[in-house]
Amino acid sequence: MLIDTHCHLYHEDFNEDRQKVIERAANEQVAGFYLPAIDSTVIDAMLQMEKDFPGRCFAMMGLHPCSVKENYIDELQLAEQWLTKRKFAAIGETGLDFHWDKTFIPQQYEAFKKQIEWAKQYKIPVVIHSRQSTQECIDVIKEMKDENLNGIFHCFGGSVEEALQITALGFYMGIGGVITYKNSGLAAVIEKLPLDNIVLETDAPYLTPVPFRGKRNESAYLKYVVQKIAEVKKMRVEQVAEITTLNAQKLFSSI
Ligand SMILES: [Zn+2]
Ligand SMILES: [Zn+2]
């Protein structure tokens with residue numbers, strides 16, 4: 001059994017065949033799907049998926065760093081209101097993104113820290129987007145860590161040294177299709193790490209693994225990620241599946 005800890009299956013790219021996407025994933029042993037929020041524009045579609053696939057799809061609540069714009073205070077307020085209404089699997093995705101627009105970096109920090117406070121308050125994990133900002137996100141977590149705070153550095157793309165800091169904080173790293181990209185360097189990093197702090201994700205519809213790189217990603221392709229990790233770690237596919245699924249279950253046990 002596998003768990004896709006990060007997939008945007010509510011995305012409009014899946015409007016035509018969402019049911020089939022879930023079925024194909026189920027045929028590949030993917031039993032759980034964790035849906036990160038982006039901003040207010042996706043919440044309805046995300047919650048609808050949870051209704052349509054009860055016990056399989058789990059919604060998070062948060063504001064993506066790339067959605068931290070002029071209206072970010074309103075967006076944060078809306079997310080905060082949702083958190084008072086019902087339980088969510090995690091806060092996210094939140095974090096810092098230095099790849100795209102750098103205009104709102106101070107606001108990205110503000111929004112990130114506020115969302116970490118929510119994770120502490122509701123005792124749920126925080127799912128961190130750290131594009132070109134791994135060390136900066138680690139530093140924020142170090143500053144705000146308490147005995148309850150945990151979460152995932154989703155789409156981890158850092159160094160061994162950064163991975164060890166994340167592990168020391170008790171956090172997990174989400175590994176997806178990027179590990180199958182030859183020049184990503186991620187396979188060499190994972191080779192040097194135990195699987196104790198690793199969970200699987202697709203980030204579908206993005207970051208499609210080889211051999212489908214460039215096409216739409218979907219949760220059934222998690223198997224290519226598992227195969228690659230097994231190859232790199234010289235382990236059996238079943239072992240990789242078992243360890244990473246246990247990690248995900250442990251982390252999301254609050255559900
Ligand atoms: Zn992300
Ligand atoms: Zn994402």
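**Entry 1: the two zinc ions**

I began with the metals and found the zinc ion (ligand 2) and the zinc ion (ligand 1) 3.4 Å apart. Glu93 coordinates both. I note here that I am working with a predicted model.

Where do the two ends of the pair His6 and Glu93 lie? I placed His6 in the loop between β1 (2–4) and α1 (18–27). I placed Glu93 in strand β4 (residues 91–97). The pair therefore ties together parts that are 87 residues apart in sequence. I also checked burial: His6 is buried, and so is Glu93.

**Entry 2: the site of ligand 2**

Which residues coordinate the zinc ion (ligand 2)? I listed His6 and His8, each through NE2, Glu93 through OE and Asp203 through OD. Their distances run from 2.1 to 2.4 Å. Along the chain I read the donor spacing of the zinc ion (ligand 2) as H-x1-H-x84-E-x109-D.

Next I looked up the geometry. The angles among the four donor atoms of the zinc ion (ligand 2) span 86 to 179°. I wrote the site down as irregular.

**Entry 3: the largest pocket**

I turned to open space. The largest pocket has a volume of about 730 Å³. I found 30 residues lining the largest pocket, and the closest to its centre are His129, Arg131, Cys155, Asp203 and Leu207. Asp203 was already in my notes as a donor to the zinc ion (ligand 2).

Which elements give two or more residues to this lining? I noted β4, β5 (126–131) and α7 (186–191). The largest share, three residues, comes from β5. By class, I recorded 13 nonpolar, 13 polar and four charged residues in the lining of the largest pocket.

**Entry 4: the cavities**

How many cavities of 30 Å³ or more does the structure hold? I found two.

The largest cavity holds about 40 Å³ of space. Among the residues that line the largest cavity I noted Cys155, Phe156, Glu201, Thr202, Asp203 and Leu207. Asp203 thus appears in my notes on the zinc ion (ligand 2), on the centre of the largest pocket and on the largest cavity. I divided the lining of the largest cavity into five nonpolar, four polar and two charged residues.

The second largest cavity has a volume of about 30 Å³. Its lining includes Ala37, Asp39, Ile43, Met61 and Glu75. Which helix gives the most to the lining of the second largest cavity? I found helix α3 (residues 72–85), with three residues. By class, I counted six nonpolar, two polar and two charged residues in the lining of the second largest cavity.

Note on methods. Residues are numbered from 1 along each chain as its sequence is written. Chains are lettered from A and ligands numbered from 1 in the order in which they are written. This is a predicted model: local features need pLDDT of at least 70, side-chain atom pairs count only at pLDDT 80 or more; totals for chains, interfaces and linings use all residues. Side-chain values use heavy atoms; hydrogens and water are left out. Donors are N, O and S atoms within 2.8 Å of the metal (3.2 Å for Na, K and Ca); water is not among the atoms, so sites may look incomplete. Four donors count as tetrahedral if all angles lie between 85 and 135 degrees; four count as square planar and six as octahedral if opposite donors are over 155 degrees apart and all others between 65 and 115; anything else is irregular. Helices (H or I, at least four residues) and strands (E, at least two) are DSSP runs, numbered from the N terminus. Buried means under 20% relative accessible area, exposed over 50%, partly exposed in between (1.4 Å probe, protein chains only). On a 1 Å grid over the protein atoms alone, a cavity is a set of points where a 1.4 Å probe fits but cannot get out, and a pocket is an open set with protein on both sides within 12 Å along at least five of seven lines; lining residues have an atom within 4 Å of a point. Grid points are joined across faces, edges and corners, and a volume is the space filled by probe spheres set on the points. Ala, Val, Leu, Ile, Met, Phe, Trp, Tyr, Cys and Pro count as nonpolar, Asp, Glu, Lys and Arg as charged, and the others, Gly among them, as polar.
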